[in-house]
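Hi everyone, thanks for making time. I'd like to walk you through one model, so let's bring it up on the screen.

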Amino acid sequence: MKFLTITAFATGLALPVAAAPLSGFDVAEDLSRFVHAAAPAFDDGSPAYGTPFITQGYFYPAGTLDGGVEGTLPDGGPAFPEKVIGTWTCDGYFVGEGLRTLTGDIVVTRQVYQFANGDVLISQGTELADIGVPVTRAVTGGTGDYASAGAALEQVRLGMTDGYGVRLQVVLEPARQRAALD
């Protein structure tokens, strides 16, 4: 089953508007928009436990980033500008072993998905360092088509870009979708 990809960041691009609520999407981080506090940090300056950060990116229709496809260009622009359906903003704190976390919780975040038509979806929870392992996050708000998006969503880390920008897959109402497959 394919899901939508969500990548977010203010690009000034004309974004297509989804005709109906999406059941999922893929997120591509624009690493040029990743900023973290100077401390706490490891000796090399990379984020340690407790370091706050903010980042942005784009989201695309589900399946756009399947097979390791990169969602951003080296300059931070969208790899598929005609497919961008919104912008993604994520803020939070590093946990575990900070950026050096290899498995388990790496960050605790709030994610805001701003759709091209003005609808918004917000989730909160942990994110895993592990690739391909789903984590359930709370849906803490939404507007428009996402005002009743459900209590939870599922997020899977698809991998990292060459510059360590995250690629994610987001599935709304995962329990309902699993039941439909059974």
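Let me start with a question: where is Gly 132 found? Gly 132 sits in the loop that joins strand S5 (120-128) to strand S6 (134-142). Keep in mind that this is a predicted model.

How exposed is that glycine? Its relative accessibility is 48%, so Gly 132 counts as partly exposed; the cut-off for exposed is over 50%. Leaving aside residues up to four places away in sequence, Gly 132 touches Val 156 and Arg 157. From Gly 132 to Leu 168 there are 36 residues in sequence, and 9.3 Å in space, C-alpha to C-alpha.

Now to Arg 157, which belongs to strand S7 (residues 152-160). Arg 157 is buried and yet has no salt bridge. The nearest side chain of opposite charge is that of Glu 127, 6.6 Å away. What does the side chain of Arg 157 reach, then? One partner is the backbone oxygen of Leu 128, at 3.2 Å, and another is the backbone oxygen of Ala 129, at 3.1 Å. Again setting aside residues up to four places away in sequence, Arg 157 touches a list of residues including Ile 106, Asp 130, Gly 132, Val 166 and Leu 168.

Finally, a word on confidence. The protein averages a pLDDT of 85, and 82% of the residues score at least 70. Among its elements, strand S3 (residues 86-94) has the highest mean, 98, and helix H1 (residues 174-181) the lowest, 51. Over residues 1-19 the pLDDT is below 50, although this stretch has 88 contacts in the model beyond near neighbours in sequence.

That's my tour, thanks for listening!

Note on methods: Residues numbered from 1 in each chain as written. Predicted model: local features only at pLDDT ≥ 70, side-chain atom pairs only at ≥ 80, totals over all residues. Heavy atoms only, no water. pLDDT = per-residue confidence, 0-100. Helix = DSSP H or I, 4+ residues; strand = E, 2+ residues; numbered from the N terminus. Contact = heavy atoms within 4.5 Å. Buried < 20%, exposed > 50% of the residue type's maximum accessible area, 1.4 Å probe, protein only. Lys, Arg positive; Asp, Glu negative; His and termini not counted. Salt bridge = Lys/Arg side-chain N within 4 Å of Asp/Glu carboxyl O. Polar contact = N/O pair within 3.5 Å; in protein donor to acceptor, adjacent residues only side chain to side chain.
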